[in-house]
Amino acid sequence: MSNLEDQLLHLLAETQSAQTAPRKSAEAQLQSLGANDNFPIGLASIAAHTGVSVALRQAALTTLRQFVEKNWSGEDELTEGPTFEISEEVKNALRSRLLELATSEEADRKVRTSAR
């Protein structure tokens, strides 16, 4: 895994924390990482990585879904916070990775369903 993916895994784990301060900090850091072009690709890579727990893979897919819903068109005026432009190259890579995951022989049905 790349440094970004390791960082994302740590932050995703922190978002699962019962303690408010670490969870809020991790959520804010995840939001700020959206400016990184590799952010959505990193989340998709984590989701596809079978060596990662199902809970973290699902968290990666949920975070990715929220990011895509907010930023895909680049014209979201309904949600708070910054929006980030997703390049066509990244959009194409995401389509490919998520299709592979959704149609894979993935052992965990929860991950396949989340990818859809």
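What follows is a short exchange on the core, the aromatic rings and two buried charged residues of a predicted model.

Colleague: Which residues touch the most other members of the largest nonpolar core?
Modeller: This core holds 23 residues. The elements that give it two or more residues are α1 (3-15), α2 (20-33), α3 (39-48), α4 and α5 (88-102). The residues touching the most other members are Leu-8, Leu-12, Phe-39, Leu-43 and Ile-46.

Colleague: Which residues does Leu-8 touch, not counting residues up to four places away in sequence?
Modeller: Leu-8 is among the residues that touch the most other core members. With those sequence neighbours set aside, the residues touched by Leu-8 are Leu-30, Leu-33, Phe-39, Gly-42, Leu-43 and Ile-46.

Colleague: How do the rings of Phe-39 and Phe-67 pair, edge-to-face or stacked?
Modeller: A pair of aromatic rings is described by the distance of the centres and the angle of the planes. For Phe-39 and Phe-67 the centres are 5.1 Å apart and the planes meet at 70°. Angles over 60 degrees count as edge-to-face. The pair is therefore edge-to-face.

Colleague: How many residues apart in sequence are the parts that this pair ties together?
Modeller: Phe-39 and Phe-67 are both buried. Phe-39 belongs to helix α3 and Phe-67 to helix α4, so the pair links parts separated in sequence by 28 residues.

Colleague: Is the pair of Phe-67 and Phe-84 stacked or edge-to-face?
Modeller: Both residues are buried. Their ring centres lie 6.4 Å apart, with the planes at 20°. Planes under 30 degrees apart count as stacked. So this pair is stacked.

Colleague: Where does Phe-84 lie?
Modeller: Phe-67 is in helix α4, and its pair with Phe-84 ties together parts 17 residues apart in sequence. Phe-84 itself lies in the loop between α4 and α5.

Colleague: Which residues form the one aromatic cluster?
Modeller: The count of aromatic pairs is 2. Phe-67 pairs with Phe-39, and Phe-67 also pairs with Phe-84. The cluster is Phe-39, Phe-67 and Phe-84.

Colleague: The backbone oxygen of which residue lies 3.3 Å from a polar atom of the Arg-57 side chain?
Modeller: Arg-57 sits in helix α4 (residues 54-71). Arg-57 is buried, because its relative accessible area is 2%. The backbone oxygen 3.3 Å from its side-chain polar atom belongs to His-49.

Colleague: Leaving aside neighbours within four places in sequence, which residues is Lys-91 in contact with?
Modeller: Lys-91 lies in helix α5. Its relative accessible area is 10%, so Lys-91 is buried. From Ile-41 it is 50 residues away in sequence and 9.2 Å in space, C-alpha to C-alpha. With those neighbours left aside, the contacts of Lys-91 are Trp-72 and Ile-86.

Conventions:
Residues numbered from 1 in each chain as written. Predicted model: local features only at pLDDT ≥ 70, side-chain atom pairs only at ≥ 80, totals over all residues. Heavy atoms only, no water. Helix = DSSP H or I, 4+ residues; strand = E, 2+ residues; numbered from the N terminus. Buried < 20%, exposed > 50% of the residue type's maximum accessible area, 1.4 Å probe, protein only. Polar contact = N/O pair within 3.5 Å; in protein donor to acceptor, adjacent residues only side chain to side chain. Core = buried A, V, L, I, M, F, W, Y, C linked by side-chain atoms within 4.5 Å. Contact = heavy atoms within 4.5 Å. Phe/Tyr/Trp six-rings, centres within 6.5 Å; stacked < 30°, edge-to-face > 60°.
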